[in-house]
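Open the model in your viewer and keep the selection tool ready. The stops below follow the chain in places and jump in others.

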Amino acid sequence: MGQARKMQKPLYDGAEWSFEKLDTVYDAIEEIAIEELGLNVYPNQVEVITSEQMLDAYSGIGMPLMYNHWSFGKSFVQDEFYYRKGMRGLAYEIVINSSPCISYVMEENTMTMQALVVAHAAFGHNHFFKNNHLFKQWTDAEAILDYMHFAREYISKCEERHGVEAVEELLDAAHTLRDNAVDHYSRPIPLSSEMAQQRLADREEHERTDYRDIWTTLPPEAESADKEKSKSRTQEVNMFKFDLPEANLLYFFEKHSPILQEWQREILRIVRNIAQYFYPQRQTKVMNEGCACFCHYYIMNSLYDKGLITEGSMLEFIDYHTRVVAQPEFDDPRWSGINPYALGFAMMQDIYRICHDPTEEDKTWFPDIAGNNKGVEVLKDAWANYRDESFILQFLSPKLMRDFRMFQIHDNSALPHLKVEAIHDSRGYRKIRSALAKSYTVSAMTLDIQVADVEFEGDRTITLRHMVHDDVPIDGKEAEQVMQRIAQLWGYDVGLYCEDAVTGKILATYDVTTS
């Protein structure tokens, strides 16, 4: 990636930044990103904010427009406390998957840090957002800001009309289930405030003119005389039950809860639409950060090679970069698993190395790309067509597994000892790679809970099914707390049973009654 240094006048000198310097550096970075790396990005909007505004952006899950909820304030106070005490740092940037792509940089940053952030967020993340197939399929960068404005305004009006407490209670329940509020299989309808407004008008009209007999008729014993009506109801119930099981819990309650009003259904829809928007980011954390780190590393090195930044700035950059991509040891107090920045950047660098300077081992494992001298092209193809699971399964090399000292263990709670299942040999590399890729699947990150049955003709009890994978049980106390939230949305008794995904054996059952 490096080249002979061409001495030019540096774009800046020293730590102080100004908007004029930032504009000049942006132009230089854009030239390298577009002409050398061939990145394809949304228009950029770079905003300089204070540390308090960055904390506020944290609390609003990184969105520039967000509705109010007590949990965001709690997060703000907690983050601010740790930051003021020097116990936790702030992110160097926040970037929004929108068009224009909004990148927040802190005014406390040095000029070198501002350059790093622009390269990382405004071009690295921006390119990934615009070109990765998951983001292209599941998000609408053109509409998200308008939709967030609509969501904030709508929830604010609901607070005025129905009371802050009622809205917060509903949001509490919705937030509890938002990880289980994603449609995994069909492409969502693009978001837009105009469509949302029209849907609201249609719903209000439908509510005025429609009478849903399914939840308001008398018990079956009292209605048996009306056979035609009973037959019609049975057909409706059977058609409805045909859609079960349903894994998108908020969608189910939005459409079929017997107690929710129309404004409550719309708020559930808002929460699940936002959860759906973040769905691709949950599946591409390693790739997204790896892409951004590779881009900022390439661009900053290119600026230095051209003489556009000083040696002092380069040393400062290396310090920041090294801290971001560091992988703490397992016994380090900072350990929290594999650092996605570390693994992502290491894989991007490794793929580039395999393309330009492969070993015999690389030629055996990656015959299609080893030595093709097209590192950037291979990376851009991977950024566009993979997610974390498939990317690791395809490109994690034996060299990186050795560098990260990876191995696989089998943890069986019924046995007194751990068993090492895979080490550094040909068979072990494949098992390690497969096991690591599996840990990045959607099922590994979210509990598999579905609506399994509803007693339409009886007491209206709803039954949920939790499919247990890899012998990982659900926490009973937490399950009952979540079921209380579900009962709040459903209005009637809730049951849950845990079923082993392999054997079908029922492992546990839980019940929550509303009476």
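This is a predicted model. Begin at proline 100, in the loop between β2 (93-96) and β3 (101-106). Look at the bond that joins proline 100 to serine 99: the peptide is cis, with omega about 5°. Most peptide bonds are trans.

Next, select helix α6, residues 144-162. How far apart should the ends of its 19 residues be? At 1.5 Å a residue the expected span is 27 Å, and the end C-alpha atoms lie 26 Å apart, so the two agree. Now colour the buried residues of α6: Ile144, Tyr147, Met148, Phe150, Ala151, Tyr154, Ile155, Cys158 and Glu159. An α-helix has 3.6 residues a turn, so residues three or four places apart point the same way. Step off the end of α6 to glycine 163, where phi is positive, near 100°.

Move to the open sheet of 4 strands. Its order is β6-β7-β8-β9, and the pairing is mixed. The edges are β6 (448-454) and β9 (506-512), each paired on one side only. On average, neighbouring strands of this sheet are turned by 20° against each other, direction ignored. Zoom in on β6 and β7 (residues 462-468): they run antiparallel, joined by 6 bridges. One pair to pick out is valine 451 with its bridge partner in β7, leucine 464.

Keep the sheet on screen and add two helices. Helix α11 (residues 249-256) packs on the sheet and touches β6 and β7; its direction makes about 30° with that of β6. Helix α23 (residues 476-490) also packs on the sheet, touching β6, β7, β8 (494-500) and β9. The direction of α23 makes about 45° with that of β9.

Now show the cysteines. How many disulfides are there? The count is 0, taking a sulfur pair within 2.5 Å as the criterion. Select cysteine 291: the nearest cysteine sulfur, that of cysteine 295, is 4.3 Å away. Cysteine 291 is buried, at 0% relative accessibility. Cysteine 355 is buried too, with a relative accessible area of 0%.

Finish with two loop residues, and check phi at each. Asparagine 373 sits in the loop between α17 (360-365) and α18 (375-385). Phi of asparagine 373 is positive, near 55°. Is this residue, asparagine 373, buried or exposed? Asparagine 373 is exposed, at 52% relative accessibility. Arginine 405 lies in the loop between α20 (398-403) and β4 (408-410). Arginine 405 has a positive phi of about 55°, although it is not a glycine. Arginine 405 is exposed, with a relative accessible area of 54%.

Conventions: Residues are numbered from 1 along each chain as its sequence is written. This is a predicted model: local features need pLDDT of at least 70, side-chain atom pairs count only at pLDDT 80 or more; totals for chains, interfaces and linings use all residues. Side-chain values use heavy atoms; hydrogens and water are left out. Buried means under 20% relative accessible area, exposed over 50%, partly exposed in between (1.4 Å probe, protein chains only). The expected span of a helix is 1.5 Å times one less than its number of residues. Two strands pair if DSSP finds at least two bridges between them. Axes are lines fitted to C-alpha atoms, for helices over the stretch in contact, and angles run from 0 to 180 degrees between N-to-C directions. Contact means heavy atoms within 4.5 Å.
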